[in-house]
Amino acid sequence: MIFPGSGILKGLAVTARNFAGSYVEKDRLTTEQYPEERPKLPEAARSFPFLVYDGDNPETGMRCVSCKICEKECPPQCIYIIQDRDEAGKAIKRPKVFDIDISVCMSCQICVEVCPFESIRMDQDYELSSFDRFGSLILDKPKLLKSNSYYHSIHPTEAAETDGRIEADRLKKEAAAAAKAAKAAAPSVVSASSSSSQQEGKP
Amino acid sequence: MSFLPSLESPQTIDVSLGPQHPSTHGVFRMNVTLDGETVTRLQPVFGYLHRNHEKIAEGNSWLAAMPYTDRLDYICPLTNNWAYALAVEKLAGIEVAERAEFIRVITAELTRLQNHVAFLGFVLGDMGAWGTALMYAFREREKILDLFESLTGARMMCNYMRFGGCRCDLPPGWLDTTRKLVDGFPKFLDEMEALLTGNEILLARLQGVAPMTADRAINGGMSGPVLRAAGVDYDIRKVDNYGIYNRFKFRVPRGTVGDCYDRFMIRVLEARESVGILKQAIAVIPEGPVVNPKAKQRGFRPPAGEAYGRIEGPKGELGFYLIADGSDKPYRFRIRPPSLINLTLLEELCVGTKIADVMVILGSIDIVLGEVDR
């Protein structure tokens with residue numbers, strides 16, 4: 001300190017530099033004029049969960065098989081699922097009711113991590129305020145279901161990885177089914193060739 | 001003032017500060033008894049933000065307790081995540097992936113940076129300089145929060161660490177952005193110091209206010225910057241060497257008299273040391289998996305036993321004491337929050353000071369009510 005008050009003057013110089021700098025330096029003017037200017041969200045950004053469906057029809061393309069793992073693992077217990085049943089009362093691998101109460105949801109992404117069917121994913125929509133406390137904050141199945149192309153538009157990398165995994169699974173299943181069918185069709189020939197590859201080590 | 005007989009036996013007045021007051025850092029209430037302007041008694045009242053954290057964790061799975069830890073000290077979610085993950089790893093004997101250790105150090109030090117920067121702004125707000133310093137501080141903090149968002153998906157409720165590692169790998173380009181930010185950070189700290197540390201008003205408000213001796217700090221169970229400001233060389237990063245902190249070179253700054261000014265400056269110095277750790281960590285971070293593939297997350301059942309995992313959080317020693325009974329839920333889930341325990345000496349520090357200093361003293365301890373009330 002050279003003379004009394006020099007510390008204050010030094011501080012004021014910083015303020016002045018920031019004030020003047022805010023007109024020229026991008027670093028010092030960080031305000032985004034929100035409704036006109038929208039932030040570009042990073043790919044990882046998340047808000048609330050949604051359900052992915054393949055193709056064009058949400059009902060038939062739904063990936064969810066109503067296994068209820070997310071319902072069980074959800075820390076604040078905000079997911080509610082009822083499994084669908086056909087006329088005979090037999091359970092179908094599809095949810096009849098799938099509700100997420102986003103006034104309870106804490107956006108932790110654990111449902112996404114535990115879902116074995118790549119069905120539940122995190123949305124990026126953040127403009128969810130409503131006048132109604134109960135109705136519009138409980139997302140039901142029609143509101144939750146969003147297409148795979150939407151998923152690709154918000155999380156491109158993650159969605160591509162997911163598609164790769166699903167494709168690999170499908171190919172594996174198809175190969176297994178084909179092998180099974182071939183085995184059933186021509187047991188003597190195929191079993192000899194498949195046993196050599198699948199049951200190595202057996203005499 | 002003997003010529004004013006009514007002042008010979010002065011009446012005291014009770015003032016309720018808070019719970020909704022911008023300087024109480026949340027919903028914290030102090031019932032202060034004043035003799036004139038001097039504080040003669042101070043009674044903290046807390047619990048307004050109590051949300052049953054420990055019991056909720058005991059009713060949920062081990063993994064499901066992780067996102068709740070974000071909400072403890074909501075300024076620094078990633079260190080909270082780490083403390084819990086560390087306790088569980090100790091309990092179940094899980095090895096942490098090498099790359100994840102580096103990511104943990106980087107995110108924890110970034111957390112410390114933004115916490116200390118926010119502290120500088122808040123403490124100025126407590127002194128009445130509401131605005132300027134806080135806006136500059138939050139401008140820098142926002143850059144770090146943007147990094148957190150691109151890495152973990154959320155600015156504050158990160159939920160990023162997992163048992164044996166971290167949830168996901170660094171996105172492409174993240175390290176470069178971080179390196180740029182870290183390299184530019186000392187410049188911001190210089191600017192902040194030019195703005196603040198020489199300011200005569202700030203010195204008058206902070207120096208000599210509520211000093212704490214080293215003995216008192218140790219006996220009061222203080223930890224973190226408050227303890228080190230009192231002159232005690234105790235940093236859990238050095239004492240425990242948890243994670244991979246023994247690989248980095250850094251110094252532990254210490255205060256001399258433990259007054260508010262020491263508590264203020266120690267944050268600036270610690271932020272500078274954090275920048276050093278970040279530079280070292282970013283330079284040598286290895287490639288590899290970010291989570292131990294053997295570690296189970298869902299349906300995780302650690303063997304029966306107990307463990308106490310603690311880390312040097314930005315506010316002090318954050319510990320998780322866990323008891324497992326072999327089931328998929330913790331039998332006991334106890335948190336040792338630094339904010340609550342650093343708050344226990346508040347009355348002692350405040351009695352005898354002026355009412356206007358109470359805010360500064362509370363601010364210099366650096367509490368977050370999410371952690372105090374749990």
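## A residue in helix α12 of chain B

Leaving aside its neighbours within four places in sequence, I341(B) touches G221(B) and S223(B). This picture comes from a predicted model, so please read what follows in that light. I341(B) sits in helix α12 of chain B, which covers residues 338–342. How buried or exposed is I341(B)? With 18 C-beta neighbours inside 10 Å, I341(B) counts as partly exposed, because a residue needs 20 or more to be buried. For a sense of distance, the C-alpha atoms of I341(B) and N81(B) are separated by 20 Å, while the two residues are 260 apart along the chain.

## Strands β6, β7 and β8 of chain B

Let us turn to β7 of chain B, residues 316–324, where seven of the nine residues are buried. On one side of the story is β6(B), residues 305–313, which pairs with β7(B) in the antiparallel sense over nine bridges. Within that pairing, A307(B) stands opposite L322(B). The two strands make a hairpin with two residues between them.

β7(B) also pairs with β8(B), residues 330–336, again in the antiparallel sense, over six bridges. Here G319(B) faces R336(B) in β8(B). The hairpin of β7(B) and β8(B) has five residues between the strands, and G326(B) in this hairpin takes a positive phi near 85°.

## Helix α6 of chain B

Next comes α6 of chain B, residues 174–196. At 1.5 Å a residue, its 23 residues should span 33 Å, and the end C-alpha atoms are 31 Å apart, which agrees. The helix has a kink of about 30° at F185(B), shortly before the proline P186(B).

Which residues of α6(B) are buried? They are T178(B), V182(B), F185(B), M192(B), L195(B) and L196(B), so the kink residue F185(B) is itself on this list. A helix has 3.6 residues a turn, so residues three or four places apart point the same way. The buried residues of α6(B) pack against α4 (98–126), α5 (132–152), α7 (200–206) and α11 (260–284) of chain B, together with α1 of chain A.

## Where the two chains meet

That last partner leads to the contact between the chains, which takes 25 residues from chain A and 28 residues from chain B. On the chain A side, α1 (6–24) and α4 (110–114) each supply at least two residues. The largest share, seven residues, comes from α1(A). By character, the chain A side divides into 13 nonpolar, eight polar and four charged residues.

## An open sheet in chain A

Chain A has an open sheet of three strands in the order β4-β1-β6, with mixed pairing. β4 (120–122) and β6 (145–147) stand at the edges, each with a single partner strand, so one side of each is left without a neighbour in the sheet. From one strand to the next, the twist averages 55°. β1(A), residues 49–53, pairs with β6(A) in the parallel sense over three bridges, and Y53(A) has S147(A) as its bridge partner in β6(A).

## Two positive phi values in chain A

Two loop residues deserve a look. Q77(A) has a positive phi of about 55° although it is not a glycine; its place is the loop between α3 (69–73) and β2 (79–85). Q77(A) is partly exposed, with 15 other C-beta atoms within 10 Å.

Q109(A), also not a glycine, has a positive phi near 75°. It lies in the loop between β3 (91–101) and α4 of chain A. Is Q109(A) buried or exposed? With 24 other C-beta atoms within 10 Å, Q109(A) is buried.

How values were computed: Residues are numbered from 1 along each chain as its sequence is written. Chains are lettered from A and ligands numbered from 1 in the order in which they are written. This is a predicted model: local features need pLDDT of at least 70, side-chain atom pairs count only at pLDDT 80 or more; totals for chains, interfaces and linings use all residues. Two strands pair if DSSP finds at least two bridges between them. Helices (H or I, at least four residues) and strands (E, at least two) are DSSP runs, numbered from the N terminus. Axes are lines fitted to C-alpha atoms, for helices over the stretch in contact, and angles run from 0 to 180 degrees between N-to-C directions. Two residues are in contact if their C-beta atoms, placed from the backbone, lie within 7 Å. Ala, Val, Leu, Ile, Met, Phe, Trp, Tyr, Cys and Pro count as nonpolar, Asp, Glu, Lys and Arg as charged, and the others, Gly among them, as polar. The expected span of a helix is 1.5 Å times one less than its number of residues. The bend at a residue is the angle between axes fitted to the seven residues ending there and the seven starting there. A residue is buried if 20 or more other C-beta atoms lie within 10 Å of its own, exposed if 12 or fewer, and partly exposed in between; C-beta atoms are placed from the backbone.
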